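Please find below my note on this model, arranged as numbered points that can be read alongside the coordinates.

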Amino acid sequence: MTDDHESDDAHDPHREEFHHDPIAHAEARAGMTVGDLVSEYGAAGIGAADLHEAVDIYAEMLGREDVTNFFGLAGAMVPTGMRRLVADLIRDGHIDVLVTTGANLTHDAIEAIGGKHHHGRASPSCSHSRDSREHGLVHAEGKTEREHDEQLRDEGVDRIYNVYLPQEHFALFEDHLRSEVFPAVESEGTVSIQRFTEELGRANSEVNDREGIEEGAGVAAAAYENDVPIYCPAIQDSVLGLQAWMYSQTSEFSLDALADMTDITDRAFHAEKSGAMVVGGGVPKNYVLQTMLVAPEAYDYAVQLTMDPPQTGGLSGATLDEARSWGKLEKAARNASVYADATITLPLVVAAARERIQ
């Protein structure tokens with residue numbers, strides 16, 4: 001009986017890929033920490049195992065002092081509630097380089113100066129708000145989804161899936177840019193996008209403090225206060241970019257789209273080791289990864305949180321193993337991809353990784 005049991009555990013030379021490593025079914029118990037739960041994920045398969053591996057890699061990235069951490073932030077992560085999480089990572093020294101979208105910076109600034117995003121509903125059949133859910137109320141007026149959004153248009157409210165933003169906040173944002181941000185860089189003429197985002201962070205921080213805004217100053221302010229550069233290579237594709245373009249029509253102010261590439265490339269070039277946390281796809285993902293194409297080394301660590309499938313051939317869904325073929329990741333790099341909503345997976349990965357390195 002002992003011999004039979006040992007033969008079960010021994011490596012079969014006729015099975016090169018297979019190794020004896022049984023699934024040990026995960027437990028979920030009252031009082032578990034996030035780290036405890038993620039450890040249980042490691043006993044399971046499919047997405048749970050992927051998330052466990054992502055935490056393991058991210059914790060090693062954050063725990064090593066010789067790793068320069070690049071963070072790509074795409075999607076509607078700021079308006080959907082991930083703003084404080086990213087700002088805290090910056091303040092705690094866990095982000096050395098941030099690449100994000102003009103949209104995230106727009107929504108970040110809106111909250112810094114007193115605006116708020118609100119719970120809404122993705123369709124007429126969904127519950128109307130958090131208060132409605134708490135009181136067991138569901139509003140179903142028989143509207144179509146088109147009529148639902150037409151009503152929001154009439155009410156001056158923009159929808160981001162199940163998040164609402166009153167349009168008057170964009171007027172507040174425009175006034176903030178024109179009174180606090182553009183004048184500070186106008187005399188410099190053409191500036192890099194990173195220089196512009198730096199001034200945005202400064203203005204967000206100062207106005208937030210001066211006006212006593214209850215909500216924190218946010219991502220750009222944290223980056224400014226901690227000397228973390230923010231690169232926004234597709235800034236034109238946002239309200240922030242539209243405002244910058246409009247201001248440039250009547251002033252000497254302009255943005256140099258290529259200037260940042262020298263700075264971010266220098267950071268990659270001089271990094272002893274490097275890690276990439278990529279949330280979502282699009283331009284931030286590619287900008288983070290392509291930086292290594294002109295550096296002597298490539299990423300030693302990489303984690304991506306995405307919902308985009310790889311079989312379309314698009315960059316947003318491309319696997320990190322595919323990035324290895326381009327030389328964006330070292331051959332021996334540790335990498336993991338988690339395919340799920342990043343508003344769910346990012347807090348889990350961050351909290352569990354922080355728990356390990358505290």
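The points below take up the sheet, the hairpin and the largest pocket in turn.

1. The model is a predicted one, and the remarks that follow should be read with that in mind. Its open sheet is built of six strands with parallel pairing, in the order E7-E2-E1-E9-E10-E11. Strand E7 (230–231) and strand E11 (329–339) are the edge strands, each of them pairing on one side only.

2. At one of these edges, E10 and E11 run parallel and are joined by seven bridges, and tyrosine 299 has leucine 329 in E11 as its bridge partner. Helix H3 (residues 46–63) lies across E10 and E11 as well as strand E1 (67–73) and strand E9 (273–279), and it runs at about 130° to E11.

3. An antiparallel pair is formed by strand E4 (residues 157–160) and strand E5 (residues 163–166), with four bridges between them; among the partners, valine 157 is matched with proline 166 in E5. The two strands make a hairpin with two residues between them, and tyrosine 161 in the turn has a positive phi of about 55°.

4. The largest pocket holds about 960 Å³ of space. It is lined by 45 residues, of which Ala76, Pro79, Thr80, Gly81 and Thr343 are the closest to its centre.

5. Which elements each supply at least two residues of that lining? They are helix H4 (78–91), strand E3 (118–119), helix H6 (130–134), strand E10 (299–306) and helix H15 (342–357), with H4 giving the largest share, 10 residues. By class, the lining of the largest pocket comprises 18 nonpolar, 15 polar and 12 charged residues.

Definitions and conventions. Residues numbered from 1 in each chain as written. Predicted model: local features only at pLDDT ≥ 70, side-chain atom pairs only at ≥ 80, totals over all residues. Heavy atoms only, no water. 1 Å grid on protein atoms, 1.4 Å probe; cavity = no way out; pocket = protein on both sides within 12 Å on 5 of 7 lines; lining within 4 Å. Points joined across faces, edges and corners; volume = space filled by probe spheres on them. Nonpolar A, V, L, I, M, F, W, Y, C, P; charged D, E, K, R; others polar. Pairing = 2+ DSSP bridges. Contact = heavy atoms within 4.5 Å. Axes fitted to C-alpha atoms, helices over the stretch in contact; angles between N-to-C directions.
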